[in-house]
Amino acid sequence: EISMKKHLFSLFTAILLSLTCLIPVLATETETTQPVVREPGYCGENIRWSYDDGILTIDGEGLMDDFEEGTAPWYEYRKEIRKIVFTGGVTYVGAWSFTDFDKLETVDFGNSMYELGKYSFRSCDGLTVLHLPDTFKVFGEESLRNCKNLKEIHCTGRPLSFRLNSLWDTYATIYFPADRPWGVDYIAELEAAFHGR
C-alpha cells in the first residue's frame with residue numbers, strides 16, 4: 001500500500017511538472033496570435049483621436065496637445081494615414097503632430113481651426129492642396145516647411161500670421177476671395193518678410 005501511494009505521488013508530480021512546463025508555451029502562443037487593437041485615446045483635454053483604414057479622426061473642442069518629435073500617439077501609423085479629419089471644435093493642431101507623414105494627402109480642418117502648431121505638418125510630401133476655414137489665423141513656426149508638393153493654400157480672406165519659416169522650402173500659392181482682399185500694406189509686409197518669395 002505504501003509502495004502504491006509513492007507510485008501515485010510520483011505520477012501526480014510528473015503530470016504536474018509537465019503541465020507547468022506547457023503553460024509558458026501556451027501563453028506565448030496566445031500573446032502572438034491576438035490581433036493588434038487600435039484603441040482611440042485623448043490628444044487634448046477635450047479631444048479624442050481614432051484611426052481606421054487610413055483615416056485619422058480628431059474630434060472635440062479646443063486645443064490639441066503639443067508633442068515632441070515622433071511621440072504623437074498615432075505616430076506608428078504614419079506610413080498608413082492618408083487623410084486627417086478634424087471634427088467638433090478643434091482650434092489648434094499640436095506641435096510635431098504630423099511631421100514626415102509622407103502618405104498624407106488630404107486634411108479636412110473643419111470649421112473652427114485657428115492655428116497650426118510648430119512643425120505640425122513639416123515635410124508632408126503627399127500634400128498638394130489645403131483649404132483653411134474662416135476661423136484660421138496662424139501658420140506656426142515651420143508648420144508647413146518643406147512640403148515640396150504643396151502647390152495651393154486656400155484661405156478665406158482674413159490677414160494671416162506667418163511665424164518663423166512656416167512655409168520655408170514650400171512653394172505654394174496662397175489664394176483668398178476677391179471680395180475680401182488683403183490690404184496693400186499687409187501684402188508689402190509679407191513680401192518683405194519672405195524676401196520676394
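## Contacts around Ser123

Two residues are in contact when heavy atoms lie within 4.5 Å. By this criterion, and leaving aside residues up to four places away in sequence, Ser123 touches Asp100, Phe101, Asp102, Arg145, Asn146 and Cys147. These contacts belong to a predicted model. Ser123 is found in the loop between strand 6 (115-116) and strand 7. Its phi is positive, about 60°, although Ser123 is not a glycine.

Is Ser123 buried or exposed? The relative accessible area of Ser123 is 10%, and buried means under 20%, so Ser123 is buried. Asp100, one of the residues that Ser123 touches, is found in the loop between strand 4 and strand 5 (106-108). Asp100 also has a positive phi, near 65°, and is a residue other than glycine. The relative accessibility of Asp100 is 38%, and values between 20% and 50% count as partly exposed; Asp100 therefore falls in that class.

## Overall architecture

The protein chain contains two helices and 11 strands. Read from the N terminus, the order of elements is α-β-β-β-β-β-β-β-β-β-β-β-α.

The protein chain has 197 residues, of which 35% count as buried. About 12,000 Å² of the protein chain is exposed, and carbon and sulfur atoms supply 54% of that area. Among contacts with a separation of 6 or more, 38% are made by residues 24 or more positions apart.

## Antiparallel pairing of strands 1, 2 and 3

Strands of a sheet pair through backbone hydrogen bonds, either parallel or antiparallel. Strand 1 (residues 41-44) and strand 2 run antiparallel and are joined by three bridges. Gly44 has Ile47 as its bridge partner in strand 2. The two strands form a hairpin with two residues between them.

Strand 2 is also joined to strand 3 (residues 55-63), by six bridges and again in an antiparallel arrangement. Here the bridge partner of Ile47 is Gly60 of strand 3. Ile47 thus has a bridge partner in strand 1 and another in strand 3. The hairpin of strand 2 and strand 3 has two residues between the strands, and within this hairpin Asp53 takes a positive phi near 50°.

## The two faces of strand 2

In a regular strand the side chains alternate between the two faces of the sheet. Strand 2 (residues 47-52) shows this alternation. Which of its residues are buried? Ile47, Trp49 and Tyr51 point to one face and are buried, whereas Arg48, Ser50 and Asp52 point to the other face and are not.

## Gly60 in strand 3

Gly60 is found in strand 3. With a relative accessibility of 12%, Gly60 counts as buried. Not counting residues up to four places away in sequence, Gly60 touches Asn46, Ile47, Thr87, Gly88, Gly89 and Val90. One of these residues, Gly89, is 29 residues from Gly60 in sequence, while the C-alpha to C-alpha separation of the two is 5.7 Å.

## The parallel sheet

Strands 7, 9 and 11 form an open sheet of three strands, with the order 7-9-11 and parallel pairing. Strand 7 (129-131) and strand 11 (173-175) are the edge strands; each has a single partner strand, so one side of each is left without a neighbour in the sheet. From one strand to the next, the twist averages 15°.

Strand 7 and strand 9 (residues 152-154) run parallel and are joined by three bridges. Within this pair, Val129 has Glu152 of strand 9 as its bridge partner.

## The largest nonpolar core

In soluble globular proteins, nonpolar side chains tend to be buried together. The largest nonpolar core in this model has 41 residues, and those that touch the most other members are Ile58, Trp74, Phe86, Phe98, Phe121 and Leu144. Strand 2, strand 3, strand 4 (83-93) and helix 2 (184-193) each supply at least two residues of this core. Strand 4 gives the most, with four residues.

What does Leu144 touch, not counting residues up to four places away in sequence? Its contacts are Leu116, Phe121, Leu130, Phe139, Leu150, Ile153, Ser166, Leu167 and Thr170. Among them is Phe121, which is also listed with Leu144 as touching the most other members of the core.

Technical notes: Residues are numbered from 1 along each chain as its sequence is written. This is a predicted model: local features need pLDDT of at least 70, side-chain atom pairs count only at pLDDT 80 or more; totals for chains, interfaces and linings use all residues. Side-chain values use heavy atoms; hydrogens and water are left out. Two strands pair if DSSP finds at least two bridges between them. Axes are lines fitted to C-alpha atoms, for helices over the stretch in contact, and angles run from 0 to 180 degrees between N-to-C directions. Buried means under 20% relative accessible area, exposed over 50%, partly exposed in between (1.4 Å probe, protein chains only). Accessible areas come from the Shrake-Rupley method with a 1.4 Å probe; for residues, only the protein chains shown count as cover. A nonpolar core is a set of buried Ala, Val, Leu, Ile, Met, Phe, Trp, Tyr and Cys residues joined through side-chain atoms within 4.5 Å.
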